[in-house]
Amino acid sequence: MRLGSIETGKMVIYPIVDKLDDEGHQLINWVAEIQRDNAAMNDWNHKGDLKDFLGIFKDWRFPWLDVAALIANAEQILEYPMVDKDPVPQWTFGRVTLLGDAAHPMYPRGSNGSAQALIDARVLAEQLALQAGGDARAALQAYEQLRLAPTANIVLTNRSVPPDFINIKVDELSGGKPFADIDALISQQELRAISDHYKQVAGFSLEAATK
Ligand SMILES: Cc1cc2nc3c(=O)[nH]c(=O)nc-3n(C[C@H](O)[C@H](O)[C@H](O)COP(=O)(O)OP(=O)(O)OC[C@H]3O[C@@H](n4cnc5c(N)ncnc54)[C@H](O)[C@@H]3O)c2cc1C
């Protein structure tokens, strides 16, 4: 689930382990994304402090999910900076190339950190297989040729029209007020167009997946 928008407080909530016990409980990971002018760069294992953000979500109690309780009862909270870097023009240097976060660190939007790293690995393996017994350096060049521009496009799109642009747009259309029916604000067609645009950019469209 993606709830809210980054301007006012946003939650991303998803199960990571199904059926933890006989009652069918799930282990849930949640992420609270908050924009702060004075956010400092920290390491990747900085302990998070509940009081820094619980206030934003304290009234988020839906009949189907008590977000405030979910946060307050977490076993562990960690705080990470949001980091991306401008795309670079070259990854391959002779017999060395870059892949994944080393090649294109991006904002965590649309699960594209690991997804794009996996696609890089697949394309690199394919190119190496094509060059089997030949010059591996040509495979690294071909891999870069195929992957650098698409991932650069994702880095930039994640800054301007991320997949949660839907949340931002609806927040704007509703004036940040609760609403009962999303169809009164935006058509299903427009919602689909936003979603399809991001899928095209990220390479997750049906036609890309079935190629
Ligand atoms: C809190 C958090 C949540 C995330 N959630 C998601 C998500 O839901 N979906 C998603 O798609 N992505 C998510 N990401 C991003 C995702 O984890 C990364 O994009 C992905 O792991 C990148 O893979 P990678 O193989 O490029 O790099 P990494 O996974 O960072 O792997 C690099 C490896 O190199 C090792 N290493 C470093 N230096 C050396 C060295 N000198 N010698 C040998 N080994 C070395 C490191 O120990 C590490 O194991 C999340 C990231 C964070 C921090």
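Trainee: Which element supplies the largest share of the shell around the ligand?

Mentor: In this predicted model, helix H3 supplies the largest share, with five residues.

Trainee: What makes a residue part of the surroundings of the ligand, and which residues surround the ligand here?

Mentor: A residue qualifies if one of its heavy atoms lies within 4 Å of the ligand. The ligand is surrounded by Tyr14, Tyr80, Leu99, Gly100, Asp101, Ser111, Asn112, Gly113, Ser114, Ala115 and Ala117.

Trainee: What makes the pair formed by Asp101 and the ligand a polar contact?

Mentor: The limit for a pair of N or O atoms is 3.5 Å. A polar side-chain atom of Asp101 lies 2.8 Å from an oxygen atom of the ligand, and this pair therefore meets the definition. The side chain of Ser114 also has an N or O atom 2.6 Å from a ligand oxygen. For Gly113, a backbone N or O atom is 3.5 Å from an oxygen atom of the ligand.

Trainee: What share of the ligand's area does the protein bury?

Mentor: Alone, the ligand exposes 1,000 Å², of which the protein buries 35%.

Trainee: Where is Asp120 placed, and why is Asp120 called buried or exposed?

Mentor: Asp120 belongs to helix H3. The word "buried" applies under 20% relative accessible area. Asp120 has a value of 0%, so it is called buried.

Trainee: What joins the side chains of Asp120 and His104, and which residues is Asp120 in contact with beyond its sequence neighbours?

Mentor: The side chains of Asp120 and His104 share a polar contact of 2.7 Å. With neighbours within four places in sequence set aside, Asp120 is in contact with Leu99, Gly100, His104, Tyr143, Arg147 and Thr151.

Trainee: Why is Asp18 called buried or exposed?

Mentor: A residue is exposed when its relative accessible area is over 50%. The value for Asp18 is 53%, so Asp18 is called exposed. Asp18 sits in the loop between strand E2 (9–17) and strand E3 (27–33).

Trainee: Which residues is Asp18 in contact with, apart from its neighbours within four places in sequence?

Mentor: Those residues are His25 and Gln26. The side chains of Asp18 and Gln26 are joined by a polar contact of 2.9 Å. Ile28 is ten residues from Asp18 along the chain, and their C-alpha atoms are 8.9 Å apart.

Trainee: How do you know what span to expect of helix H6, and what span does H6 reach?

Mentor: The expected span is 1.5 Å times one less than the number of residues. For H6, residues 188–202, the 15 residues give an expected 21 Å, and the helix reaches 21 Å from its first C-alpha to its last.

Trainee: Which residues of H6 are buried, and why are they said to share a side?

Mentor: The buried residues of H6 are Leu191, Ile194, Tyr198, Val201 and Ala202. They cover an arc of only 100 degrees around the axis, which places them on the same side of H6. In general, an α-helix has 3.6 residues a turn, so residues three or four places apart point the same way. On the other side of H6, Gln189 and Arg192 are exposed.

Trainee: What covers the buried residues of H6?

Mentor: The cover includes helix H3 (112–130), helix H4 (136–160) and helix H5 (165–173). Just after H6, Gly203 takes a positive phi of about 80 degrees.

Trainee: How many helices and strands does the chain have?

Mentor: The chain has seven helices and seven strands. Buried residues account for 31% of its 211 residues.

Key: Residues numbered from 1 in each chain as written. Predicted model: local features only at pLDDT ≥ 70, side-chain atom pairs only at ≥ 80, totals over all residues. Heavy atoms only, no water. Helix = DSSP H or I, 4+ residues; strand = E, 2+ residues; numbered from the N terminus. Buried < 20%, exposed > 50% of the residue type's maximum accessible area, 1.4 Å probe, protein only. Arc of directions from axis to C-beta. Contact = heavy atoms within 4.5 Å. Polar contact = N/O pair within 3.5 Å; in protein donor to acceptor, adjacent residues only side chain to side chain. Areas by Shrake-Rupley, 256 points an atom, 1.4 Å probe, with all protein chains shown as cover.
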